[in-house]
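Here is a short note for a colleague who is opening this entry without any background on it. Please read the points below beside the sequence and the 3D view.

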Amino acid sequence: MVDGPHKTIPMGCPVFDEEMEVAAVNALRNERYVLGEDVFKFEEEFARYVGTRYAVSTSSGTNALQLSFLALGLSAGDEVVTSAFSFVASANAVIHAGSLPKFADIDARTYNVDPNEMVKATTKQTRALLPVHLYGYPCNMKEIVDFAKSRGLKVVEDACQGHGGVYKGKKLGAIGDVGCFSFYPSKNMTVCGDGGMIVTDNETVARAAVKLRDCGRTSRYEHDVIGYTSRLNTANAAIGRIQLKRLDDWNRKRVGLASLYDAYLSDIEEVAIAPKPCSGIEPVYHLYVIRAERRDELNAWLLKKGIQCGIHYPFPIPMQPIYRRLFGFKEDDFPVSLAASRSCLSLPMYPFLPKEDIEYICGQIRDFYNTKA
Ligand SMILES: Cc1ncc(COP(=O)(O)O)c(C=O)c1O
């Protein structure tokens, strides 16, 4: 039950407008449903946007990650070091590719994987590093790439939350050997369904990914690897092309809203605001995440006031039941991630979130700490 007269404020709100509707219908009427012309145009435009030579679309971000590892030639026994604090799919994709995820704890300030912890988690079996630009905040890529080069490791960026973010002048996804994106509806841009993209400058990897996503096909009736059905549907690609045109404007709006949240929340003692942009670091606020004392109580209070928040994520990946069962992780193995999982709260964030709603949300957070001390 929502208290009082205020409307409900959702946590996110994907855009689907008339131009996208027309593009999708045109694609359905005039093109092949699968791997039609819009798919290839979307790939070209996405590669140009990110600044890589190639982009290969897939049916999800998880598929993009899995196919990237396979295209890079990883196999059984190989290890991939990734963040202990991400959406579970980051690590699942490593397992889907037949390799083994190894986890590294995060930096408490940015929620992103700590490069020093990646170094510690690296063994003789490690073949790749998988930094995740969590919430659209760029990872410390210089340290990660330098370390990878010194050890001959591949870097796959999980940019599934980072469309349009920039690290030292380069778009997220274009810094490592391969970058992967998700177009799930909650993302900064979506195809209004599931979808993903692999970006790379490496022609061999791009060619392998093209084959793997399409049943291992070399020609209509010939297949020379065991591939997957991981293609993006044409109507979804048509929508993605329109969304891509809007992405920079939407991201600018997100950044503006984030700075409003910062201004309203920075003097509340019980709250730590989201990490801010700084020199060379241009986040895109896929989520605006605060750390809050008595997080669960605050979340329940806000919900009663009509404000829908999220928790990204309530468990570090190694604490997920399946990872505990498979690998025997203990609760305190990744203490910084564990602390984040217990205090993080994602406030509503989407480009057309009205400024008055942010004022209202922040007012409610202030009231909670004033009245429930
Ligand atoms: C960080 C991260 N990695 C991977 C994925 C997987 O993407 P998808 O849901 O498109 O498979 C997501 C998104 O859901 C994500 O947020």
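1. Where is the place of Y313? Y313 lies in the loop between α9 (295–304) and α10 (321–327), where helices (H or I, at least four residues) and strands (E, at least two) are DSSP runs, numbered from the N terminus. A cis peptide bond, with omega of about 15°, joins H312 and Y313.

2. On the source: this is a predicted model, in which local features need pLDDT of at least 70 and side-chain atom pairs count only at pLDDT 80 or more, while totals for chains, interfaces and linings use all residues. Residues are numbered from 1 along each chain as its sequence is written, and side-chain values use heavy atoms, with hydrogens and water left out.

3. A further backbone feature is found at Y135, which has a positive phi of about 60° although it is not a glycine. Y135 is placed in the loop between β4 (126–130) and α6 (141–151).

4. The ligand sits in the largest pocket. A pocket here is an open set of points, on a 1 Å grid over the protein atoms alone, where a 1.4 Å probe fits, with protein on both sides within 12 Å along at least five of seven lines, and a molecule sits in it if more than half of its atoms lie within 2 Å of its grid points.

5. Around the ligand there are 15 residues (a residue is near if one of its heavy atoms lies within 4 Å), of which G61, T62, D158, S182 and K187 come nearest. By class, this shell has five nonpolar, eight polar and two charged residues. Both α3 (61–71) and α4 (89–96) supply at least two residues of the shell, and α3 gives the most, with three residues.

6. The polar contacts of the ligand (pairs of N or O atoms within 3.5 Å) involve backbone as well as side chains: an oxygen atom of the ligand is 2.8 Å from a polar backbone atom of G61, and a nitrogen atom of the ligand is 2.8 Å from an N or O atom in the side chain of D158. In the side chain of S182, an N or O atom is 2.7 Å from an oxygen atom of the ligand. The protein covers 92% of the 380 Å² of accessible area that the ligand has on its own (Shrake-Rupley method, 1.4 Å probe).

7. One open sheet of three strands runs in the order β7-β6-β13 with antiparallel pairing (two strands pair if DSSP finds at least two bridges between them). Its edges are β7 (170–171) and β13 (281–282), each with a single partner strand, so one side of each is left without a neighbour in the sheet. Strand β6 (residues 166–167) pairs with β13 over two bridges, and the bridge partner of V166 in β13 is E282.

8. An open sheet of three strands also has the order β12-β14-β15, with antiparallel pairing. Its edge strands, β12 (271–272) and β15 (344–347), each pair on one side only. Strand β14 (residues 288–292) pairs with β15 in the antiparallel sense over four bridges, and R291 stands opposite C344 in β15.

Definitions and conventions:
Polar contact = N/O pair within 3.5 Å; in protein donor to acceptor, adjacent residues only side chain to side chain. 1 Å grid on protein atoms, 1.4 Å probe; cavity = no way out; pocket = protein on both sides within 12 Å on 5 of 7 lines; lining within 4 Å. Nonpolar A, V, L, I, M, F, W, Y, C, P; charged D, E, K, R; others polar.
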